[in-house]
Structure formats: C-alpha cells, structure tokens
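Got the viewer open? Let's take a short walk through the fold, one selection at a time.

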Amino acid sequence: MLRRISDLDERIDTGEVVEWQSPDGVRYRYERTGRRVGVEMPVGRWEWLAEGVSDKRSAKRIVFAAINEDEL
C-alpha cells in the first residue's frame with residue numbers, strides 16, 4: 001500500500017505514455033493522446049480504468065487509488 005502519491009514508481013515517460021509500477025509489480029499506464037488510464041493484464045493487453053483523463057496529475061491520482069484498492 002502506498003502512503004503518498006509521490007511514492008508512485010514512475011518507469012516510463014515518453015511524452016505520450018507514462019507508466020508506473022506497483023509494489024507488487026503490476027504496471028499502470030496513462031496515454032495522453034487517448035486520454036485514458038489502464039492496468040496491464042496477462043498477455044500484454046490493457047484494461048482501461050478511466051477515459052477522458054486530461055492530465056498526468058489526474059492520471060496519478062487514479063493509479064494511486066487503484067494500487068491501494070488492489071493491494072489491500
């Protein structure tokens with residue numbers, strides 16, 4: 001469980017895609033052009049958790065909440 005948003009482990013930021021990894025090794029992704037946030041599922045596909053996400057700050061909040069919910 002993460003205590004602060006600043007504890008998120010950012011792995012990739014290409015300008016178009018930002019990826020974070022949870023303490024359990026699950027990857028989360030924000031796609032700026034698609035304006036969506038997702039979690040990686042088996043076989044490299046993504047399950048989209050939210051669409052219409054307008055910025056990285058909002059995406060981080062969604063990822064933070066998802067990680068804490070999944071890891072409780």
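Before the first click, a word on pairing: two strands count as paired if DSSP finds at least two bridges between them. Keep in mind, too, that this is a predicted model.

Start by selecting strand S3, residues 27-31. Four of its five residues are buried, so the strand is largely enclosed by the rest of the structure.

Next, add strand S2, residues 17-21. S2 and S3 run antiparallel, with five bridges joining them. For a landmark, click Trp20: its bridge partner in S3 is Tyr28. Then follow the hairpin between these two strands, where five residues make the connection. Stop at Gly25, which takes a positive phi near 90°.

Now go to the other neighbour of our starting strand. Select S4, residues 36-40, which is antiparallel to S3 and joined to it by four bridges. Here Arg29 is the one to pick, as it stands opposite Gly38 in S4. S3 and S4 also form a hairpin, this time with four residues between the strands. In that turn, look at Arg35, whose phi is positive at about 55°.

Last stop: helix H1, residues 56-70. From first C-alpha to last, its 15 residues reach 21 Å, close to the 21 Å expected at 1.5 Å a residue. Show side chains for Ala59, Val63, Phe64, Ala66, Ile67 and Asn68, the buried residues of H1. Which strands do the buried residues of H1 pack against? Turn on S2, S3, S4 and S5 (46-51) together, and you have the set they pack against.

Conventions. Residues are numbered from 1 along each chain as its sequence is written. This is a predicted model: local features need pLDDT of at least 70, side-chain atom pairs count only at pLDDT 80 or more; totals for chains, interfaces and linings use all residues. Side-chain values use heavy atoms; hydrogens and water are left out. Buried means under 20% relative accessible area, exposed over 50%, partly exposed in between (1.4 Å probe, protein chains only). The expected span of a helix is 1.5 Å times one less than its number of residues. Contact means heavy atoms within 4.5 Å.
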